[in-house]
Amino acid sequence: MIRGIVSLIGVLALSLCAACSGGNPSTESRATQSATSPVASPTAGPAGSPSPASNPLVLAEGNTGSGIDWRFVVQPGDPVCAQLRRTNDAGDFLVCDEDSEQDFNGDERLRYAFGGLNEEQVPKFVIGITAPEVAKVVIDVPSGQPPEAETVASSQAPGRRFFVVQLAPEPAQEVQAVRGLNNEGRTVAGFRLGPPDEEPSPHRTG
């Protein structure tokens, strides 16, 4: 009798221990999956290299295809300026949203500047600051596909949009106009460029 009672107690003890160690299978499975599943991390560029997605002062960045890396940045203030910088060497130029001795275009809705980032000034760029409704800037040239670029905005300079357009170095072509287009494709700002001895004039809109 005593041996039977001892045996029964042993069986009950083993059953209780098995229930304690087993736990809740579904809870244990979820905890394991949570600990081992990969977590998506933000995409990051090279160390120390801010991108337009992570830095509101960086408007755009790129490469000329000839070994020149560049970055287009906004400089908040009064006036607001936009600068194209060479990132792997010296070289930059800028345009500001203000009247100046060099500003003869007569249209405050689009200001632009031509320049380059090397001694040869090739390739050339057109950079500028324009009105909020300008979605794209097109550079009219005598032949071929006109270079163009969409405008970009920055939270650091509300009420303005910015653009940078790279011009093909070969064959070099004379710029005939700089035009700002709205979302419907209408010209809403811009300038016609005549001979070098003539001042640029506001482009016809519509």
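**Exercise 1.** In this predicted model, find how many bridges join strand 7 to strand 10, and which way the two strands run.

*Solution.* Start at strand 10, residues 177–181. Count its bridges to strand 7: you get 5, and the two strands run antiparallel. For a landmark, look at D140, which sits opposite A177 of strand 10.

**Exercise 2.** Now work out what strand 7 does with strand 8, and place both in their sheet.

*Solution.* Step one: strand 7 covers residues 136–140, and 3 bridges tie it to strand 8, again antiparallel. Step two: pick out V138, which faces E148 in strand 8. Step three: put the strands in order. The sheet is open, has 5 strands, and reads 8-7-10-11-12 with antiparallel pairing. Its edges are strand 8 (148–150) and strand 12 (201–202), each of which pairs on one side only.

**Exercise 3.** Is strand 7 mostly covered or mostly uncovered?

*Solution.* Go through its 5 residues using the cut-off for buried, under 20% relative accessible area. You'll find 4 of the 5 buried, so strand 7 is mostly covered.

**Exercise 4.** Find which residues of the largest nonpolar core touch the most other members.

*Solution.* This core has 19 residues, and the ones to pick are W70, F72, L84, I127, F162 and V164. Next, see where the core comes from: strands 1, 2, 3, 4, 6 and 9 each give two or more residues. Then zoom in on F72. Skipping neighbours within four places in sequence, its contacts include L57, A82, L84, I127, F162 and V164. Finally, look for a second, separate core: it has 16 residues, among them I139, A149, V175 and A189.

Conventions
Residues numbered from 1 in each chain as written. Predicted model: local features only at pLDDT ≥ 70, side-chain atom pairs only at ≥ 80, totals over all residues. Heavy atoms only, no water. Pairing = 2+ DSSP bridges. Core = buried A, V, L, I, M, F, W, Y, C linked by side-chain atoms within 4.5 Å. Buried < 20%, exposed > 50% of the residue type's maximum accessible area, 1.4 Å probe, protein only. Contact = heavy atoms within 4.5 Å.
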